[in-house]
Amino acid sequence: MYLTFLDLFAGIGGFRRGLERSGHTCIGHVEIDKYANKSYMAMYELENCPYGTDSGSNFCKMCSPEVKKSCDQKTCKGEWYAKDIKQIRAGEIPRAEIWTFGFPCTDVSISGRMAGIHGERSGLFFTVAGLLKSTPAEDKPRYLIVENVKHLVSSERGTAFTTVLFELWEAGYDCQWEIVNSKEHGVPQHRERVYLVGHLRGERGREIFPLGRTNAAPVKQLVDGSQGNRIYDPSGASITLVSQAGGFGGKTGLYAVSVNRKEGITAELQQARTLTASDARGLNRNQDQNAVLAQIPPCAAFIDMNADGQFTEESRCLKARYYSGISNHKGETSGIFICQGHPDCVRAVITPDRLKKRQNGRRFKEPGEPSFTLTTQDQHGILICCYDHGLPIREAKKDGYTVAHHGDGINLSYPNSMVSRGRVGKQCAQTLLTGGTMGVLLCCRIRRLTPRETWRLQAFEDFLFDRARAAGISDAQLYKQAGNAVTVNIPYKIGLRLAGGGYEI
């Protein structure tokens, strides 16, 4: 049984995409943010209809390509749209069987204003509750799907959540609810949100919760390539997305294939060398060596340039005729072993022993650039992967830090804070926020997430992202919209339950 729904506080349509994927039909939406609405219209191919505009500026009709084909230029059959929910009256809302809304969390989120459920932004919940109470019984939606931050449950010592349940009960709805983590539902993001499903009193409601869970193992990249063409294993978990991603470090990252932390980089490389050496010796000059190179893990280390070379974590002693090639004497010549998959692992550095050295020029070269000019005064080195020992991240713990390893997510906000905790996510990203403060440790550096990756962490397909970007939406807005969005897979599963079926992702 497929239903119609209204998308309130629509954002970029996380509820819409999930419910449409599960077979339901959207008949209208409400969104006041002009950039989010511009993305929404581009993503779902909607245009303002000149024949369906209300006399008031708050309402209009939106036409899809299918509707425009059959338009008689008299009566618009497109979707209903309203800009400001505070200007809507009950009789102006089209009848739908489901209302969805993730009302603003600004005043109840622990990273927000903490003004409570009655705050200026989060208090818009009462606007929706008032519309439900004012709607005649025959026109009320049969179901409500509500989303907000996990902290709503404990805000104001639990009275905020009690207020929400009581207001919906007064409007005629019995509610069931669950705290759902996105990482357990097919996306690599640690994002805990409370979801409520309200059933109109007097109707027999389906049991929606608990939702089934999927494997939350760390995400794995299966096929490398340029950004946008990479393929990742979908059974992983990332750090929570935030909505405002301008500035340094924006958001969390997706991760390369993990390594054995206990044995470290040397054991990984030595295993690869043992695996590939015999294969390489068996190749002749006409054979393709890509198959052999493909087996080398994504990292870098020193290797002595002998026929049967060994990996080490320190360079051999340099000799005068370093350039003379492979030696017959063990351990005299040392080279850099660079994996094909991760050129970012290796960078030249000057005076590595002087961390606070003042330098007019650069101290670190970009990946692939040659070393600094050798002099008699400066020491030279290379920056390689930190698989073995990791990178200490300051946290309010007994020892003062948590060690982050390759692929761990790092919250980059307030790096010098002595009271912050939970800054490191082990092989997953923390919740995406609006300030763009999440990164991922890749070998020796923290890489910023791209806007496309943040949308993927909310389970939006690439073609929807491409439509929003083609509409001229800036990266800052794309980051913000991802962080404010509902993870598509959750309403998808709820929609399947409402339709009376099971689900798969």
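A residue counts as buried when its relative accessible area is under 20%, as exposed when over 50%, and as partly exposed in between, using a 1.4 Å probe and protein chains only. This is a predicted model, where local features need pLDDT of at least 70, side-chain atom pairs count only at pLDDT 80 or more, and totals for chains, interfaces and linings use all residues. Residues are numbered from 1 along each chain as its sequence is written, and side-chain values use heavy atoms, leaving out hydrogens and water.

Of the protein's 505 residues, 50% are buried. Its secondary structure comes to eleven helices and 22 strands, taken from DSSP runs (helices are H or I with at least four residues, strands are E with at least two) and numbered from the N terminus.

Now for helix α11. Ten of its eleven residues are buried, so the rest of the structure largely encloses α11. Among those buried are Ile490, Lys493, Leu496 and Ala499. Part of the cover comes from α1 and from these strands:

| Strand | Residues |
|---|---|
| β6 | 98–101 |
| β7 | 143–149 |
| β8 | 173–181 |
| β9 | 192–200 |

How do α1 and α11 meet, and at roughly what angle do they cross? The axes of α1 (residues 14–21) and α11 (residues 489–499) come within 7 Å and cross at roughly 40°. The contact (heavy atoms within 4.5 Å) involves Gly14, Phe15, Gly18, Leu19 and Arg21 of α1, plus Asn489, Pro491, Tyr492 and Gly495 of α11.

Just after α11, glycine 500 has a positive phi of about 95°.

Note on methods. Axes are lines fitted to C-alpha atoms, for helices over the stretch in contact, and angles run from 0 to 180 degrees between N-to-C directions.
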